[in-house]
Amino acid sequence: MRGAGGVIGVHMNAASYRGTVVVTGGAGYIGSWVTRILPERGYHVIVLDRLMFGPESVMSLPSGVDVVAGDCRDSALVERVLSQADAVIHLAGLVGDPACAVDETVSYDINVSATRLVAETARKLDKRLVFASSCSVYGVNPDLSTEESSRAPVSIYARNKCDAEDLLLEMRDDRFAPTILRFATIHGLSPRPRFDLVVNLFAGLATRTGKITVFGGDQWRPFVHCADVAEALVRTVEADESLVAGEIFNVGSDAENYTIADIGRVVQLEVPGTELAFSEQADDERDYRVSFDKVRTTLGFEPSRSVVESIAEIGAALSETPGWEISESRFSNVKRTRELLDELRGAR
């Protein structure tokens with residue numbers, strides 16, 4: 001692992017080398033899958049990540065990956081790292097509605113202003129850019145949402161994603177046309193685990209406590225495994241640029257649109273003995289179903305993992321790792337965000 005001033009070198013077999021991809025946020029929940037898939041496909045990878053959740057997810061990376069510990073808001077560092085890339089996957093950001101609600105100004109700075117800096121640098125250096133957005137931008141939509149549907153964000157996180165999308169679309173020209181991927185609600189195990197996502201949380205609670213409470217429950221949401229999202233990102237980098245330049249793709253599976261109540265019932269079925277309770281008070285306003293026809297027909301992408309498989313893998317991981325407490329801040333974006341902001345305020 002290298003600090004911000006470290007020297008980065010390509011450590012790949014010359015015969016298999018396909019180029020260098022910078023993955024911002026490469027130590028995160030999705031990024032730590034991307035950084036394991038890309039080297040298998042012959043790419044050299046440079047991770048740019050401030051390691052907000054610690055270095056554990058990058059301690060066992062394969063050869064062909066270099067890690068630069070740093071912040072995407074550091075313009076000199078971003079230019080130095082991106083200058084060595086053929087393509088950039090921009091995953092770095094403050095992720096999730098609760099985490100972004102902790103401090104709206106900080107969220108905007110990290111999710112929008114830093115995206116502008118990365119994009120402007122990529123354009124200046126003539127680099128291909130893939131941006132991680134979210135189906136949360138659809139907010140509340142009674143119809144099936146496609147990439148052409150109106151956006152209706154209901155949270156700070158979703159508004160950040162809309163703002164970031166807008167600035168990227170405004171930057172499009174003949175030389176620079178970023179690709180935007182809108183992810184379904186993500187689930188599953190990753191080298192940087194999370195238990196603050198609905199499938200993971202319900203599976204964790206069922207395994208650890210035998211009890212789940214569903215708030216609301218009628219809200220529709222599409223779901224996709226974190227490893228499948230990583231595969232979609234890699235396929236976008238590999239695709240002929242004429243197919244993806246300036247395009248928006250929803251990433252998920254038509255078969256994996258569920259209500260939150262459905263998720264609770266599936267977990268109850270998969271983890272025998274789980275008590276399932278319902279509260280009429282919904283803690284999340286989002287309610288949308290999504291079509292994934294475009295990514296399937298254009299990139300041939302179809303997720304290979306299901307919600308049911310995630311429940312099983314999470315239950316197995318928790319059983320095999322008794323030291324994991326799902327309530328720990330290292331497994332929660334919002335808890336870790338609060339800790340870091342408290343530390344910064346205390347240092348002033």
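A disulfide is a pair of cysteine sulfur atoms within 2.5 Å. A search of the whole structure finds 0 of them.

Before the details, two remarks on the source. This is a predicted model, where local features need pLDDT of at least 70 and side-chain atom pairs count only at pLDDT 80 or more, while totals for chains, interfaces and linings use all residues. Residues are numbered from 1 along each chain as its sequence is written, and side-chain values use heavy atoms, leaving out hydrogens and water.

Now the cysteines. Why does Cys 72 not bond with Cys 100? Its closest cysteine sulfur is in Cys 100, 15 Å away, which is too far for a bond. Cys 72 is also buried, at 6% relative accessibility; buried means under 20% relative accessible area, with a 1.4 Å probe and protein chains only. For Cys 226, the closest cysteine sulfur belongs to Cys 135, at 16 Å, again too far for a bond. Cys 226 has 0% relative accessibility, so it counts as buried.

Next, a pair of helices, meaning DSSP runs of H or I with at least four residues, numbered from the N terminus. Helix 9 covers residues 260-270 and helix 11 covers residues 307-320; their axes, lines fitted to C-alpha atoms over the stretch in contact, come within 10 Å and cross at roughly 50°. The two are therefore oblique to each other, that is, outside the ranges under 35, over 145 and 65 to 115 degrees.

Which residues of helix 9 meet helix 11? Ile 263, Val 266, Val 267 and Glu 270 do, against Val 307, Val 308 and Ile 311, with contact meaning heavy atoms within 4.5 Å.

Methods:
Axes fitted to C-alpha atoms, helices over the stretch in contact; angles between N-to-C directions. Buried < 20%, exposed > 50% of the residue type's maximum accessible area, 1.4 Å probe, protein only.
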